[in-house]
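Reader: Could you walk me through the salt bridges here? I'd like a close look at one part, in plain words.

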Amino acid sequence: MGEFDLIKRYFEQPQMERDDRVHLSIGDDCALVTVPENNWVAITTDTMVEHTHFLPSISPEDLAYKAVATNLSDSAAMGAEPKWVSLALTLPKVDENWLALFSQSLLQTLKDYNVTLIGGDTTKGGLSVTITAQGLVEKGKALCRHQAKVGDLIYVSGTLGDSAAGLQQILSGKSAIGFDEEFLQQRHLRPTPRIALGKSLIGVAHAAIDLSDGLYSDLGHILKRSHCAAEIDLARLPFSSSLLNRYDRKQAEQFALSGGEDYELCFTIPPENQPLFESRLKNLDVPCTCIGRIVPAFEEKLEKEKCGQFSIRFLRDGEPIDYLANLGFDHFKE
């Protein structure tokens, strides 16, 4: 099977509803789309490589879902409405059964989120999946990392640490035989992009990011870009009952701070917008928890900050504690 036969058989999608903004998609050198007036295009690209981002044992259905969901999570973090994706798929060989399962899951996931596949590429090599997602956000209203303000409240959505715990279980060879194991492993394999929440934060939040590398590292990106610091109360971190049923509190905190791949949103809200946010939240089935606040950048130059760590002061029940988490995930750190 040639490259173009593969694309035609598995990735063209006449069964999907027509997107009137797409004028040309799969089958030409470029896709052509119309961008509505007064909108920006929010563009994100992520690559998932076998042995680095996923295990060889992952099912093609879970791989397709996660590749889409992680990109849509980036769109959610900007408050954007995802509209289109491009797929670059590198395969060691043509496995028609694998391709059928992968493409069915990918197209169904896109359909569930009302997103259209408009192009991409296929090539031969080690298994990897690269997706570029494009979304729409009103001009001047995107949520960005550099916009946090001193005094903002820091929120996170959902529960933290589940994905890292699920991965640990998968790596240990533990079968998902009970509810807790199944929940944690599915949270790793099937994260939920918080698109509706991201859109609801427009006009309410100052800054946002999705939690791909762990709260410690990802919140640090906001702090660095916004030239400020944070106080986080560890007692407020939200954990699922499944996580606490299987791990103690200390391990749960480590999973949350440095485990990564929760794909929840972390965002900052000025106190005066808290009532409006709480009102909007009633219409969403997404729990959100205030875990701290943005404070001025620390004056003291701690030795640990020179090592690339971020300005986060930890509290427990409001009392300062000496707590140093491992850094979040970094592709190029040994």
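Author: Here is a look at the salt bridges, with one linked group taken slowly. This is a predicted model, where local features need pLDDT of at least 70 and side-chain atom pairs count only at pLDDT 80 or more, while totals for chains, interfaces and linings use all residues. Residues are numbered from 1 along each chain as its sequence is written, and side-chain values use heavy atoms, with hydrogens and water left out.

Side chains of opposite charge can pair when their charged atoms come close. A salt bridge here is a side-chain nitrogen of Lys or Arg within 4 Å of a carboxyl oxygen of Asp or Glu. Searching the whole structure turns up 13 of them.

Let's zoom in on Arg187, which forms a salt bridge with Asp162, their closest N and O atoms being 3.0 Å apart. Arg187 sits in helix 5 (residues 179–189) and Asp162 in helix 4 (residues 162–171), 25 residues apart; helices are DSSP runs of H or I with at least four residues, strands are E runs of at least two, and both are numbered from the N terminus. Arg187 is buried at 11% relative accessibility, and Asp162 is buried at 0%. (Buried means under 20% relative accessible area, exposed over 50%, partly exposed in between, with a 1.4 Å probe and protein chains only.)

Now for Arg194 and Glu264, whose side chains meet in a salt bridge at 2.9 Å, N to O. Arg194 lies in the loop between helix 5 and helix 6 (195–200), and Glu264 in the loop between helix 9 (249–258) and strand 10 (265–269), so this pair ties together parts 70 residues apart in sequence. Salt bridges that share partners join Asp162, Arg187, Arg194 and Glu264 into one network.
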